[in-house]
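Please open the model in your viewer and keep a selection panel at hand, since this tour moves from one selection to the next.

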Amino acid sequence: MATASRERDGETVTYDYDLLVVGSANADLVIGVERRPGPGETVLGSDLSVHPGGKGANQAVAAARLGARTALLARVGDDAHGRLLLDSQRSAGVDTAGVLSGGAPTGVAVITVDPSGDNSIVVSPGANARLTAVDIRDASGLLRASRVVSAQLEIPLETVGEVVAGLAPGSRFVLNPSPPVPLPAAILAACDPLIVNEHEARVVLGASVGDDPEEWARALLALGPRSVVITLGARGALVADDRTTELVPSVRVRAVDTTGAGDAFTAALAWRLGAGESLVEAASYAARVGAAAVTKEGAQVSFPTAAEVASLASLASLAEAEPDPAPEPHVTDPGQTVSSAGRGVPE
């Protein structure tokens with residue numbers, strides 16, 4: 001395996017991986033619907049399709065398809081869904097040495113997708129809930145070998161805390177707190193960045209906030225993260241640290257399926273930060289990756305290569321010079337509302 005080096009305190013540090021993703025791996029059970037049912041209501045949907053998913057597995061595949069040297073630390077069941085997930089990771093080029101098997105059935109996400117491309121998701125964690133702090137300590141070699149470590153909250157919060165405790169000096173930690181919960185100070189202090197949408201920001205802050213994203217960013221930074229990214233759909237993404245606050249523009253897309261778009265955004269951002277880009281540069285690239293992902297159905301199968309992202313950037317530059325067309329649905333993160341505008345960053 002190729003390695004990369006970085007100078008730290010006058011000493012050369014070698015990393016085997018650009019990105020280690022610690023998180024969930026689910027089988028996505030997807031049903032297309034004309035509209036989602038209300039309480040007590042039954043609606044008919046399309047034939048069931050099964051795809052590899054889970055926020056952690058999605059991030060790993062997204063990064064690997066872009067060209068990042070990626071590893072996944074997760075737990076799946078010893079079952080058909082687990083084998084599906086492992087096959088998907090390996091075909092994308094992800095190192096699966098850290099994927100554990102057994103202890104519970106593979107996690108499952110039941111996803112409904114409406115004609116606008118918006119979706120809603122119910123997750124049964126399964127084996128994801130059995131990824132423990134002991135598993136993280138046993139994988140300390142993976143943590144030490146990784147330039148950037150990314151996590152989400154579809155695994156136990158205690159496990160994420162152990163990831164933070166085991167980070168190698170000089171490595172970078174990226175967290176998307178989804179599904180959101182109030183976060184301990186030690187986890188918040190390690191985040192660089194903390195990536196949230198509006199709903200997640202409100203939960204992490206644990207208090208009512210106004211409608212100004214810059215206010216949210218200041219409040220979040222006051223909790224301890226080194227940097228913050230707030231995704232805002234059609235408005236773009238707000239990036240902030242102790243030096244600057246800047247809005248990254250959104251990208252015009254025609255949404256087909258939003259499943260996994262936020263995971264692709266996070267993976268791309270984490271990878272580009274590890275490659276030495278600024279927070280603004282990395283977020284701009286991640287916005288293009290998230291936009292490209294929604295032009296195809298499914299999660300992992302929709303994630304673009306670096307060449308596809310470059311092609312989208314060229315098309316977007318041409319579109320900027322043309323009058324705006326009639327509004328088209330745009331992508332937001334799974335479970336979030338699709339607006340009527342024709343551009344967006346995964347929320």
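For the pocket visited below, residues are sorted into three classes: Ala, Val, Leu, Ile, Met, Phe, Trp, Tyr, Cys and Pro count as nonpolar, Asp, Glu, Lys and Arg count as charged, and the others, Gly among them, count as polar. What you have on screen is a predicted model.

**The whole chain**

Begin with the protein chain as a whole, whose secondary structure comes to eleven helices and 17 strands. Of its 347 residues, 54% count as buried, and the accessible surface of the chain comes to about 14,000 Å², with 53% of that area belonging to carbon and sulfur atoms. Among contacts between residues at least 6 apart in sequence, 65% join residues at least 24 apart.

**The second largest pocket**

Next, select Gly 170, Ser 171, Arg 172, Asp 192 and Arg 226; which pocket has these residues closest to its centre? They belong to the second largest pocket, which has a volume of about 230 Å³, and they are the closest to its centre of the 14 residues that line it. Strand S11 (172–176) and helix H9 (261–274) are the elements that give two or more residues to this lining. By class, the lining holds seven nonpolar, three polar and four charged residues.

**Two cis peptide bonds**

Stay with Asp 192, which is joined to Pro 193 by a cis peptide bond with omega about 15°; Pro 193 itself is found in strand S12 (residues 191–196). Most peptide bonds are trans, and a second exception can be selected at Ser 178 and Pro 179, where the bond is cis with omega near -5°. Ser 178 is placed in the loop between S11 and helix H6 (185–190), and Pro 179 has its place in the loop between S11 and H6 as well.

Is Ser 178 buried or exposed? Its relative accessibility is 12%, and because the cut-off for buried is under 20%, Ser 178 counts as buried. Now show its surroundings: leaving aside neighbours within four places in sequence, Ser 178 is in contact with Lys 55, Gln 152, Leu 153, Glu 154 and Glu 200. A distance label drawn from the C-alpha atom of Ser 178 to that of Ile 155, 23 residues apart along the chain, should read 9.8 Å.

**Helix H5**

Move on to helix H5 (residues 157–165), in which Thr 159, Val 160, Glu 162, Val 163 and Val 164 are buried. The buried residues of H5 pack against strand S3 (17–22), helix H3 (133–138), helix H4 (140–144), strand S10 (146–152), S11 and H6.

**From H9 to H10**

Finally, return to helix H9 and select Arg 272, which lies in it. Although its side chain is of the charged class, Arg 272 is buried, with a relative accessible area of 17%. Not counting residues up to four places away in sequence, Arg 272 touches Glu 277, Ala 282 and Tyr 285.

Ala 282 and Tyr 285 lead into helix H10, where both are buried. The buried residues of this helix also include Leu 279, Ala 283, Val 289 and Gly 290. Eleven of the 15 residues of H10 are buried, so the helix is largely enclosed by the rest of the structure. As a last check, label the end C-alpha atoms of H10 (residues 279–293): at 1.5 Å a residue its 15 residues should span 21 Å, and the ends are 21 Å apart, which agrees.

Conventions. Residues numbered from 1 in each chain as written. Predicted model: local features only at pLDDT ≥ 70, side-chain atom pairs only at ≥ 80, totals over all residues. Heavy atoms only, no water. 1 Å grid on protein atoms, 1.4 Å probe; cavity = no way out; pocket = protein on both sides within 12 Å on 5 of 7 lines; lining within 4 Å. Points joined across faces, edges and corners; volume = space filled by probe spheres on them. Helix = DSSP H or I, 4+ residues; strand = E, 2+ residues; numbered from the N terminus. Expected span 1.5 Å × (residues − 1). Buried < 20%, exposed > 50% of the residue type's maximum accessible area, 1.4 Å probe, protein only. Contact = heavy atoms within 4.5 Å. Areas by Shrake-Rupley, 256 points an atom, 1.4 Å probe, with all protein chains shown as cover.
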